[in-house]
Amino acid sequence: MTEKILEIENLTVSFDGFKALNQLNFSMDEGELRVVIGPNGAGKTTFLDIITGKVQPTEGRVMFKGRNLRALSEHQIARLGIGRKFQTPRVYLNLTPRENLELSCNPNKNVFATLFKKLSAPQRHQVSALLETIGLPNKANIPAGLLSHGEKQRLEIGMLVAQSPDLLLVDEPVAGLTDEETYNIGELLLALAESHSILVIEHDMEFVRQIARKVTVLHEGSVLCEGNIEEVQNDPRTIEVYLGTAPEEDDA
Ligand code: ADP
Ligand code: MG
């Protein structure tokens, strides 16, 4: 039997009476790569904010690996094994990609202790393997500030993976990237999906087609439809609310 990594029941989030999420039901299997799409304002970012504990639900509950996340802080939820990649890269520009990854795999998160203390052999091995996975072995020792936007995004995804989360949440990873960089991020997520559970929020349909297995369409805070990319693209409700309208720039 497949275990559920995430189960969300009747989730409602009200902001001064406005329901950003409205009786949302959602579940995801352990090991799954899921893409969540939806027009601007559908509630996608709020959905991630709830899972990570940044925002508390008005009603309903979020279960992570069978555990109710209610009343846990953002920090406690992160420690349980939920890692989040924000839209803009948050890497240390003066440090190298290798140093950035070394910092992320150090549970103490202390810059000075990490930089001046030798990592254990397994940690060094993990960092080298991650540099390969994210396609940056040749840029491992230059300042991260010299990387392209796409390379920084890949580095940050590597930094997230270095923390060994059980569930990776990735919010619009290809916004503002070139086609080639977008493709690289897609291949990276597909490679990571072989050994991780990943939830990706995305707007770029070309990218969604590249990586999608199962897609969930959000609309006005609820699940509108769910299925593989063909089913979703042929669903009349989805065409009406999402594919039929020109996607707007979303930078929330
Ligand atoms: P998406 O990421 O799908 O574009 P969001 O989750 O950012 O959508 O927002 C969903 C709706 O909730 C939007 O109408 C937005 O204006 C509203 N919203 C989000 N956060 C807040 C907040 N803190 N206070 C009031 N309204 C909010
Ligand atoms: Mg958003």
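In the predicted model, helix α3 meets helix α6 through Pro97, Asn100, Leu101, Ser104 and Cys105, whose counterparts in α6 are Leu155, Gly158, Met159 and Ala162. The residues of this contact comprise six nonpolar and three polar ones, with no charged residue. Helix α3 spans residues 97-105 and helix α6 residues 149-162; their axes come within 8 Å and cross at roughly 25°. Because angles under 35 degrees count as roughly parallel, α3 is described as roughly parallel to α6. The crossing in which α3 passes α6 is right-handed.

Helix α6 also contains Gly150. This glycine has a relative accessible area of 1% and is therefore classed as buried, the limit for that class being under 20%. Leaving aside residues up to four places away in sequence, Gly150 touches Leu177, Glu181 and Ile185. For one of these contacts, that with Glu181, the C-alpha atoms are separated by 5.3 Å, although Gly150 and Glu181 lie 31 residues apart along the chain.

An open sheet is built from four strands, arranged in the order β2-β1-β4-β5 with antiparallel pairing. Strands β2 (18-29) and β5 (67-68) occupy the edges; each has a single partner strand, so one side of each is left without a neighbour in the sheet. At the β5 edge, the pairing with strand β4 (residues 59-64) is antiparallel and consists of two bridges. Within this pair, Phe64 stands opposite Arg67 in β5. Helix α1, formed by residues 44-51, packs on the sheet and touches β1 (4-15), β2 and β4. The direction of α1 makes about 115° with that of β1.

A further antiparallel pair is formed by strand β9 (residues 214-219) and strand β10 (residues 222-227), which are joined over five bridges. His219 of this pair stands opposite Ser222 in β10. The two strands, β9 and β10, make a hairpin with two residues between them. One of the residues in the turn, Glu220, has a positive phi of about 50°.

Antiparallel pairing thus appears both in the four-stranded sheet and in the hairpin of β9 and β10. Among the helices, α1 packs on the sheet, whereas α3 and α6 are in contact with each other.

Note on methods
Residues are numbered from 1 along each chain as its sequence is written. Chains are lettered from A and ligands numbered from 1 in the order in which they are written. This is a predicted model: local features need pLDDT of at least 70, side-chain atom pairs count only at pLDDT 80 or more; totals for chains, interfaces and linings use all residues. Side-chain values use heavy atoms; hydrogens and water are left out. Axes are lines fitted to C-alpha atoms, for helices over the stretch in contact, and angles run from 0 to 180 degrees between N-to-C directions. Angles under 35 degrees count as roughly parallel, over 145 as roughly antiparallel, 65 to 115 as roughly perpendicular and the rest as oblique. A crossing is left-handed if the near helix is turned anticlockwise from the far one by less than a right angle, and right-handed if clockwise. Contact means heavy atoms within 4.5 Å. Ala, Val, Leu, Ile, Met, Phe, Trp, Tyr, Cys and Pro count as nonpolar, Asp, Glu, Lys and Arg as charged, and the others, Gly among them, as polar. Two strands pair if DSSP finds at least two bridges between them. Buried means under 20% relative accessible area, exposed over 50%, partly exposed in between (1.4 Å probe, protein chains only).
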